[in-house]
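The following exercises concern the surfaces at which parts of a structure meet. Please examine the sequence and the model before working through each solution.

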Amino acid sequence: MQKFTSLSAVAAPLPEKNVNTDIIIPIKRLVGTERGTLGEFAFEPWRYGADGRPNPNFVLNQPRYAGAEILIAGTNFACGSSREGAVWALNEFGIRALMAPSFGAIFFNNCFQSGVLPIVLDDAIIDDFMIQAREVVAGSEFNIDLERQIVTSPDGTTVTFETESFRREALLAGLDDLGMTMKRIGDIDAFQAADRDARPWIYGLQHKV
Amino acid sequence: MASRTMFDKVWDLHVVADLGGDMALLHADRILVHDLSGARALGALLEQGLEVRNPELCFAAPDHTVTTNPATGGIGNFHETCVRPLQDLTAQGKIRHFGLGDKGFGILHVIGPEQGITLPGTTVVCGDSHTCTHGGMGALAWGIGVSELVHALATQTVMQRKPKRMRVNFDGLLPDWLSAKDLILHVIGREGAASGDGYAVEYAGAPIRNLSVEARLTLCNLSIEMGAKVGMIAPDDIIYQYLSGRPYAPVGADWDRALAVWGELASDSEAAFDAEVNVPIDDLAPHISWGTSPEHTIAVTDRIPDPADEADLDRRQALSAAQEYIGLNPGAPIEGTPVDWVFIGSCTNSRLSDFAEAARVVEGRKVSEGVRAWAVPGSEAVKAEVEAAGLHRVLEAAGVEWRLPGCSLCVGANGETVPAGQRCVSTSNRNFVGRQGKGSRTHLASPAMAAAAAVTGQITDVRKLMG
Ligand code: SF4
């Protein structure tokens, strides 16, 4: 998994609220498309017109946001289905970090499995960042420093954000959850040994197969 | 010990390690694996040279991509790309696979409770957001992503941040022709699609205690549509009676020990919740969604909201966009809207009682000309129950197609879709843009309301039909 330490990049504003994961990556792309090629289909229903041509009004198709690695999004971004393809599609498109007042809870967890940083900020800050992302000259960058947990916007404003220390360490080290848990197999053995005595009905189902 | 909510009790039973902050490593008692995310996760796991740690705690079914066309035996376009890989991978991983032709086959969220795999006080995870359905059994159940699923299969644990606790208290008597679906649609319409974000929700109150197991599953199924990963109902005798004798339910001394533990799970009377929501139900009318988010839900007696009444610019634009997509005008009554399709099925509403309700409405009537109506059972077991009761004959006599089990029109992952521009009253749980197929227009409602739409050809208050 790629590490996340700091990032300076153009940010694209996507103010819609409750953007769901069906929009971020339609189900048919998850049935037929290989991981690694999903970026092309990120936001497909919005990004392309009925004729399959790029929709010039969609923010990520606008030249000034070319190469954006940060998305500034509305409340409850990426709600809906658990499809991790939503993170893969965004990541493969080039997005490394997201800022929003809140995120779909499953999506939020999924981000950390691909080295993508979701940042929760107050509505007022997000609104201000949206304006900055829209109004500043093209190419102005936001800076995200994960170690210090600070975002610096193009006009020089700095805001702090919180990440769980556990999550932060994993991102900084480029470790996904499995890498972290593999160090704790002893704890799992011990839990199951005790639990088999306490709740025997949970285990030993194999005979019914 | 201090007073605890049901959620806290079940959480505490499963903590393998405290990871600091609000994070914990939790034991996953049951892992459910399906033909989309599940097959991907199993493939990734085995590719990395890892093994399924506890195959006896994992269960699989190819619910998403099988076809439900009765002429096919379930074998459709995705048989080779999705259904067979799951079969092969679960065989490699030594996981119980409920495949096509198996009497236990069905949608995972239907067969978990039905087979006694889902038990009160268990943790259940699946790469599917509607895993919250199992909370109706008193389980702590939630959807996870593919990487989390790989993690779960390899370690039988999930890393999880502890959510806050919310209680939704229903109060009053359930009016005639109102169902659990109406109750939860009402809550989502009133509170919003993000209102449960960050919370584990417990549904409580006298009306909940009277709900059948199937109705509880329906209610919990839509928890994720209010943003809550987890929705739970305290287990009671109704649950225990349902579970007793099911294939994977405990027996003998284990059953007695389990009952003793389950009996302690309900929230303590003094337990504090981070949020409480009160929902009077006495005067509710049947509900139906009008737009492209489950929060776009109104009583069938209401009118389509007018974006002009919305002060917030973003919200106003969202309402307008939804109305444009769905093809309805502000201020128009929702009742009387002509429909092209009706879908009775999905993990929300595809159990015996759902088809019984639909059959009561269509009995002696005919599906309106030009309307296509499908009834898709949630499992082979449901199919057998419905057929044993002769209900499928009632549905078929009215012109409703009785099909094979699977997810089907709920998401269209198997190629079964509603054509662009057509309108479908659906008992599923999502009305997102394109959910039932590109350009499809979905209205979420109960089985009774869906049946009423089928026989009248328009959105209809079922109470008018049934007197
Ligand atoms: S029926 Fe629909 S919501 Fe339920 S698991 Fe299948 S696709 Fe998901």
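**Exercise 1.** State how many residues chain A and chain B each give to their contact, where contact means heavy atoms within 4.5 Å.

*Solution.* Chain A contributes 55 residues and chain B contributes 69 residues. The model is predicted: local features need pLDDT of at least 70, side-chain atom pairs count only at pLDDT 80 or more, and totals for chains, interfaces and linings use all residues. Residues are numbered from 1 along each chain as its sequence is written, chains are lettered from A and ligands numbered from 1 in the order in which they are written, and side-chain values use heavy atoms, with hydrogens and water left out.

**Exercise 2.** Determine the area that chain A and chain B bury between them, and count their salt bridges.

*Solution.* Step 1: buried area is the accessible area (1.4 Å probe) that two parts lose on being put together, summed over both. For chain A and chain B this is about 5,100 Å², of which 59% lies on carbon and sulfur atoms.

Step 2: a salt bridge is a side-chain nitrogen of Lys or Arg within 4 Å of a carboxyl oxygen of Asp or Glu. Six salt bridges are counted between the two chains. B:Asp29 and A:Arg199 form a salt bridge, with their closest N and O atoms 2.9 Å apart.

**Exercise 3.** Identify the helix that supplies the largest share of the side of chain A that touches chain B.

*Solution.* Helices here are DSSP runs (H or I, at least four residues), numbered from the N terminus. Helix 9 of chain A supplies the largest share, 10 residues. By class, this side of chain A has 24 nonpolar, 15 polar and 16 charged residues; Ala, Val, Leu, Ile, Met, Phe, Trp, Tyr, Cys and Pro count as nonpolar, Asp, Glu, Lys and Arg as charged, and the others, Gly among them, as polar.

**Exercise 4.** Describe how domain 1 and domain 2 of chain B meet.

*Solution.* Step 1: the domain assignment, automatic or from a database, places domain 1 at 6–262 and domain 2 at 287–466 of chain B. Their contact takes 43 residues from domain 1 and 49 residues from domain 2.

Step 2: the two domains bury about 3,600 Å² between them. One salt bridge is counted there. The side chains of B:Glu225 and B:Arg430 meet in a salt bridge at 3.0 Å, N to O.

**Exercise 5.** Establish which domains of chain B supply the shell around the ligand.

*Solution.* A residue is near the ligand if one of its heavy atoms lies within 4 Å of it. Among the residues around the ligand are B:His64, B:Asp128, B:Cys347 and B:Arg435. Domain 1 and domain 2 of chain B each give at least three residues to the shell.

Technical notes
Contact means heavy atoms within 4.5 Å. Helices (H or I, at least four residues) and strands (E, at least two) are DSSP runs, numbered from the N terminus.
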